[in-house]
Amino acid sequence: MTIAQFDEVDTVLLMSGSYDLQVIIKGRSFQEIAIFVAKRLSPLDDVLSTATSFVLRPYKRGGRLYLAEEPDERECTVL
């Protein structure tokens with residue numbers, strides 16, 4: 001699968017429902033991920049559309065609860 005071979009792609013899941021695949025991409029910033037989707041993922045012949053969502057804060061992941069306040073390390077880029 002072409003999508004799974006990109007270094008930026010962490011996980012590819014076959015889905016039921018509105019979309020065929022869920023692709024989890026890891027990047028250092030929102031901008032880096034947006035550029036990957038726009039320049040490398042969207043142009044693929046078999047990709048008809050994309051919908052991008054960002055994880056803003058995990059509450060529980062892999063069985064681990066995140067209850068304590070953790071520092072906000074998000075970045076903001078203003079053009």
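What follows is a walk through the structure above, from its overall layout down to a few side-chain pairs. Keep in mind that this is a predicted model.

Let's start with the layout. The protein chain holds 1 helix and 4 strands, and from the N terminus on these elements run β-β-α-β-β. Of the 79 residues in the chain, 14% are buried. The accessible surface comes to about 7000 Å², and carbon and sulfur atoms account for 51% of that. As for how the chain folds back on itself, take the contacts with a separation of 6 or more: 26% of them are between residues 24 or more positions apart.

Now go to the N-terminal part of the chain and find the hairpin. Strand 1 covers residues 9-14, and strand 2 covers residues 21-25. The two strands pair in the antiparallel sense, over 5 bridges. Between them sit 6 residues, and in this hairpin Gly17 takes a positive phi near 110°. If you're looking for a particular rung of the ladder, try Leu14 in strand 1: its bridge partner in strand 2 is Leu21.

That same pair of leucines turns up again on the surface. Which residues join up to make the nonpolar patch of about 340 Å²? They are Met1, Leu14 and Leu21. Leu14 counts as exposed because its relative accessibility is 75%, and the cut-off for that label is over 50%. Met1 belongs to the segment before strand 1 and is exposed too, with a relative accessible area of 58%. Leaving aside residues up to four places away in sequence, Met1 touches Val12 and Leu21. From Met1 to Val12 it is 11 residues along the sequence, and 9.6 Å in space from C-alpha to C-alpha.

Next come the aromatic rings. A pair of rings is described by how far apart the centres are and by the angle of the planes. The structure holds 2 aromatic pairs. One of them is Phe6 with Phe36, an edge-to-face arrangement with 5.3 Å from centre to centre and 85° between the planes. Phe6 lies in the segment before strand 1 and Phe36 in helix 1 (residues 30-41), so this pair ties together parts that are 30 residues apart in sequence. Are these two rings buried or exposed? Both Phe6 and Phe36 are buried.

The other pair is Phe30 with Phe54. Here the ring centres are 4.5 Å apart and the planes stand at 50°, so the pair is tilted. This pair also links distant parts of the chain, with Phe30 in helix 1 and Phe54 in the loop between helix 1 and strand 3 (60-61), 24 residues apart. Phe30 is partly exposed, at a relative accessible area of 33%. Phe54 counts as partly exposed as well, its relative accessibility being 33%.

Finally, have a look at the charged side chains. How many salt bridges does the structure hold? There are 2. In one, Glu8 meets Arg40, with the closest N and O atoms 3.1 Å apart. Like the aromatic pairs, this one spans some sequence: Glu8 is in the segment before strand 1 and Arg40 is in helix 1, 32 residues apart. With a relative accessible area of 25%, Glu8 is partly exposed, and Arg40 falls in that class too, at 40%.

In the other salt bridge, the side chains of Arg28 and Glu32 come together at 3.0 Å, N to O. Arg28 is exposed, with a relative accessible area of 70%, whereas Glu32 counts as partly exposed at 29%.

To put the pieces side by side, look once more at the segment before strand 1. Met1 sits there and contributes to the nonpolar patch. Phe6 is also in that segment, with its ring partner Phe36 in helix 1. Glu8 is there as well, and its salt-bridge partner Arg40 is likewise in helix 1.

Terms used. Residues are numbered from 1 along each chain as its sequence is written. This is a predicted model: local features need pLDDT of at least 70, side-chain atom pairs count only at pLDDT 80 or more; totals for chains, interfaces and linings use all residues. Side-chain values use heavy atoms; hydrogens and water are left out. Patches are made of residues with over 30% relative accessible area and no salt bridge: like charges are joined within 9 Å, nonpolar side chains (Val, Leu, Ile, Met, Phe, Trp, Tyr) within 5 Å. Accessible areas come from the Shrake-Rupley method with a 1.4 Å probe; for residues, only the protein chains shown count as cover. A salt bridge is a side-chain nitrogen of Lys or Arg within 4 Å of a carboxyl oxygen of Asp or Glu. Buried means under 20% relative accessible area, exposed over 50%, partly exposed in between (1.4 Å probe, protein chains only). Rings of Phe, Tyr and Trp (its six-membered ring) pair if their centres lie within 6.5 Å; planes under 30 degrees apart count as stacked, over 60 as edge-to-face and the rest as tilted. Contact means heavy atoms within 4.5 Å. Two strands pair if DSSP finds at least two bridges between them.
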